[in-house]
Structures are given as structure tokens and as C-alpha cells.
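Hello,

Here is the structure I promised to pass on to you. Have a look at it first, and then read on for what turned up in it.

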Amino acid sequence: SKFRTCRDTGFCRRHRDAAEPKFSILPDSVQTHGTEGMTALLQSDNMNAPPMKLTAKFYDSGVARVQVREANPAHPRWEASDIVLDDQLTLVEPKRVEGGDESGL
């Protein structure tokens with residue numbers, strides 16, 4: 001059987017039982033990539049934990065696709081086939097707004 005439990009994967013074991021961390025976006029890591037969206041690094045309040053990578057893509061229909069993964073995985077991770085059908089949606093560039101936060105996105 002290909003069914004795996006949390007015990008079977010290192011990523012799950014490391015993150016499953018941890019106290020619920022609070023993540024902050026590292027302001028200097030925010031990058032926009034035109035219609036390919038934006039990326040940023042997330043750091044947990046546990047500074048010993050490796051950063052996570054946030055990726056966001058935006059579509060003209062109002063859909064936003066957000067993914068969070070390990071920034072530097074030990075080896076490539078399995079990913080499910082996309083459930084967002086990119087060929088049926090049109091990517092748009094994120095808009096920069098002036099606001100109270102540091103990111104401006």
C-alpha cells in the first residue's frame with residue numbers, strides 16, 4: 001500500500017507535534033515576479049527552525065493560490081498534481097499598495 005502516515009514522513013514528524021508557531025514574513029525576502037506572483041520567506045518564532053517559503057499566484061477571477069513549503073528541503077518532496085488549472089485561468093500581477101505593513105503587497 002502507498003498510504004503513508006505522519007510517522008512515515010520526516011516533514012510531518014518535525015512539524016506535527018510542535019506547538020503552534022507564529023510565523024513572520026522576512027521583509028527583505030519579499031520578491032515579486034510579474035504575473036508569476038510573489039515569494040517570501042516565513043520565519044517561525046522558534047529561530048532554530050528553518051524558514052519556510054511562501055509562494056502566491058493571483059488570477060483575474062479573484063482566485064489566489066498560496067503554497068507554503070520548506071525553503072531548503074533535504075530532498076525533493078512529492079507534490080500532488082495541480083488542482084488549480086493554470087491553463088483555464090489568467091495570471092495577473094500582484095498590486096502594490098501603500099499601507100501600514102512593511103510589505104506593501
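Glu 70 is a good place to begin: beyond its neighbours within four places in sequence, it is in contact with Phe 11, Arg 14, Pro 51, Met 52, Lys 53 and Arg 77. Please keep in mind that this is a predicted model. Glu 70 belongs to strand β5, which covers residues 64–70. Is Glu 70 buried or exposed? Its relative accessible area is 16%, and because buried means under 20%, Glu 70 counts as buried.

One partner in that list deserves a second look. The side chains of Glu 70 and Arg 77 are joined by a polar contact of 2.7 Å. The two residues also form a salt bridge, with 2.7 Å between the closest N and O atoms. Arg 77 is partly exposed, at 32% relative accessibility, whereas Glu 70 is buried.

How many salt bridges does the structure hold? There are two. Besides the pair just described, Glu 36 forms a salt bridge with Lys 57, and here the closest N and O atoms are 3.8 Å apart. This pair links distant parts of the chain: Glu 36 sits in the loop between β2 (31–32) and β3, while Lys 57 is in strand β4, and 21 residues separate them. Glu 36 is partly exposed, with a relative accessible area of 43%. Lys 57, in contrast, is buried, with a value of 19%.

Now to the nonpolar side of things. Which residues make up the largest nonpolar core? It has six of them: Met 38, Ala 40, Leu 42, Met 52, Leu 54 and Ala 56. Two elements, β3 (38–44) and β4 (52–59), are the ones that give two or more residues to this core. Met 52 may look familiar, since it is also among the residues in contact with Glu 70. Leu 54 is worth selecting in your viewer as well. Not counting residues up to four places away in sequence, Leu 54 touches Met 38, Thr 39, Ala 40, Leu 42, Val 66, Gln 67 and Val 68. Of these, Met 38, Ala 40 and Leu 42 are members of the core too.

There is also a disulfide to find. A search of the whole structure gives one, formed by Cys 6 and Cys 12 with their sulfur atoms 1.8 Å apart. As a reminder, a disulfide is a covalent bond between the sulfur atoms of two cysteines. The link of Cys 6 and Cys 12 is left-handed, with -105° about the S-S bond. Cys 6 is buried, with a relative accessible area of 18%.

Finally, here is the wider view of the chain. What pattern does the chain follow along the sequence? It reads α-β-β-β-β-β-β, that is, one helix and six strands. The chain has 105 residues, and 20% of them count as buried. Among contacts between residues at least 6 apart in sequence, 30% join residues at least 24 apart. The chain exposes about 8400 Å², and carbon and sulfur atoms supply 51% of that area.

Enjoy exploring it, and do write back with any questions.

Best wishes

Key
Residues numbered from 1 in each chain as written. Predicted model: local features only at pLDDT ≥ 70, side-chain atom pairs only at ≥ 80, totals over all residues. Heavy atoms only, no water. Helix = DSSP H or I, 4+ residues; strand = E, 2+ residues; numbered from the N terminus. Buried < 20%, exposed > 50% of the residue type's maximum accessible area, 1.4 Å probe, protein only. Contact = heavy atoms within 4.5 Å. Areas by Shrake-Rupley, 256 points an atom, 1.4 Å probe, with all protein chains shown as cover. Polar contact = N/O pair within 3.5 Å; in protein donor to acceptor, adjacent residues only side chain to side chain. Core = buried A, V, L, I, M, F, W, Y, C linked by side-chain atoms within 4.5 Å. Disulfide = S-S within 2.5 Å. Salt bridge = Lys/Arg side-chain N within 4 Å of Asp/Glu carboxyl O.
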